[in-house]
Amino acid sequence: MSERTTVPSADEHARVEKAAREAEPARSPWAQVLDSGAGRNLGLVAVLVLLGIVGVVTTDTFLTTANLLTVLTQASIIGVLTVGMTFVIIGGGIDLSVGKVMALASVWATTVATQSYGPAVMVFCAIAVGVGAGLVNGLLIAYGRIVPFIVTLAMLISAQGLAERISGRRSQIVTEPVIAGIANTRLLGIPLLVYIFAAVVAVGWVVLNRTTFGRRTFAIGGNSEAARLAGIDVKRHTVLLYAVSGLCAGIAAIMIASLTTTGSST
């Protein structure tokens with residue numbers, strides 16, 4: 001006799017799901033909030049509020065407009081770097097080299113030969129160096145199948161050595177007034193560096209959350225093999241992610257060169 005297959009009815013499905021829900025331990029409303037998307041950020045907000053309270057208690061000038069603008073200006077350079085790093089980390093990688101790539105880009109952009117061609121060439125050189133370093137990282141990681149930690153650590157050391165070789169371990173003074181004036185320019189009382197940071201953040205948010213590139217980045221970071229089977233060119237996309245990180249390092253190089261009026265390997 002052939003075996004008969006019994007198909008569970010809709011009522012049976014409902015009964016099983018109800019039993020599963022009842023078997024789960026009861027969670028407090030607070031736990032449900034923490035499990036939500038907004039709840040996961042509460043810890044960061046709490047730390048930020050705590051730091052603000054410490055600042056207010058320890059100094060009377062913490063909440064002044066001048067101090068807040070100073071903090072934003074100094075954080076804008078690191079903020080631009082973190083936007084590129086965010087792409088890499090969401091894609092499942094890591095980039096240890098961004099600081100020294102930024103230093104190399106700033107040194108290359110502030111050599112006497114480069115500055116003699118004007119601000120446009122300086123910006124182009126900084127971005128080209130950043131993107132080039134990112135492409136090298138991405139190619140070695142994606143097609144060379146080398147661990148990102150090792151590749152980017154090697155790039156960190158290489159970029160530092162090359163920057164020191166080019167600059168002779170000396171700070172190079174920015175003589176181009178347009179580049180030097182970026183940090184001193186204010187619009188509506190806010191430094192231009194803060195606007196650049198805000199623009200990079202806005203573009204990064206749009207790309208991650210409203211484009212196919214962003215959706216592919218999340219897919220690769222979640223499960224690269226599943227993304228490959230879904231038709232995504234994982235290797236090419238990985239190269240592009242590190243190029244984005246290098247691009248942000250190039251932008252940050254121009255920002256720090258303007259803020260310090262120097263290009264330095266340190």
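F87 is buried, since its relative accessible area comes to 4%, and this residue offers a convenient way into the predicted model described here. A search across the whole structure returns 1 aromatic pair. In that pair F87 is joined with F213 in a tilted arrangement, with 6.3 Å from centre to centre and 45° between the planes. Because F87 sits in helix α4 and F213 in helix α11, the pair ties together parts of the chain that are 126 residues apart in sequence. Unlike buried F87, its partner F213 is partly exposed, at a relative accessible area of 22%.

**Open and enclosed space**

Rolling a probe the size of a water molecule over the atoms shows where empty space is left. The table lists two pockets and a cavity with their volumes and the make-up of their linings.

| Space | Volume | Lining residues by class |
|---|---|---|
| Largest pocket | about 310 Å³ | 8 nonpolar, 8 polar, 3 charged |
| Second largest pocket | about 210 Å³ | 8 nonpolar, 5 polar, no charged |
| Largest cavity | about 40 Å³ | 4 nonpolar, 5 polar, 1 charged |

The largest pocket holds about 310 Å³ of space. Its lining consists of 19 residues, and those closest to the centre of the pocket are G91, I220, S224, V234 and T238. Four helices each supply at least two residues of this lining, namely α7 (119-142), α11 (212-222), α12 (224-229) and α13 (234-260). Among the contributors, α13 gives the most, with 5 residues. Helix α11, which takes part in this lining, is also the helix that carries F213 of the aromatic pair.

For the second largest pocket, the lining is made of 13 residues, and V83, T86, V201, W205 and L208 lie nearest to the centre. Helices α4 (65-90) and α10 (192-210) each provide at least two residues of that lining. Helix α4 therefore has a part in the lining of this pocket and also holds F87 of the aromatic pair. The lining of the second largest pocket includes no charged residues, whereas 3 charged residues belong to the lining of the largest pocket.

Turning to enclosed space, the count comes to 1 cavity of 30 Å³ or more. The elements that give two or more residues to its lining are α5 (98-109), α7 and α13. The residues around this cavity are D95, S97, V98, V101, G130, A133, G134, N137, G246 and A249. Helix α7 has the largest share of the lining, with 4 residues. Both α7 and α13 also appear among the helices that supply at least two residues to the lining of the largest pocket.

**The surroundings of Q115**

Which helix contains Q115? The residue lies in α6, a helix that covers residues 112-115. Q115 counts as buried because its relative accessibility is 9%, and the cut-off for that class is under 20%. A polar atom of the Q115 side chain lies 3.0 Å from the backbone oxygen of I173. With residues up to four places away in sequence left out, Q115 touches A109, T110, M122, I173, V174, T175 and E176. I173 therefore appears both as a residue touched by Q115 and as the owner of the backbone oxygen that lies 3.0 Å from a polar atom of its side chain.

Conventions: Residues numbered from 1 in each chain as written. Predicted model: local features only at pLDDT ≥ 70, side-chain atom pairs only at ≥ 80, totals over all residues. Heavy atoms only, no water. 1 Å grid on protein atoms, 1.4 Å probe; cavity = no way out; pocket = protein on both sides within 12 Å on 5 of 7 lines; lining within 4 Å. Points joined across faces, edges and corners; volume = space filled by probe spheres on them. Nonpolar A, V, L, I, M, F, W, Y, C, P; charged D, E, K, R; others polar. Buried < 20%, exposed > 50% of the residue type's maximum accessible area, 1.4 Å probe, protein only. Polar contact = N/O pair within 3.5 Å; in protein donor to acceptor, adjacent residues only side chain to side chain. Contact = heavy atoms within 4.5 Å. Phe/Tyr/Trp six-rings, centres within 6.5 Å; stacked < 30°, edge-to-face > 60°.
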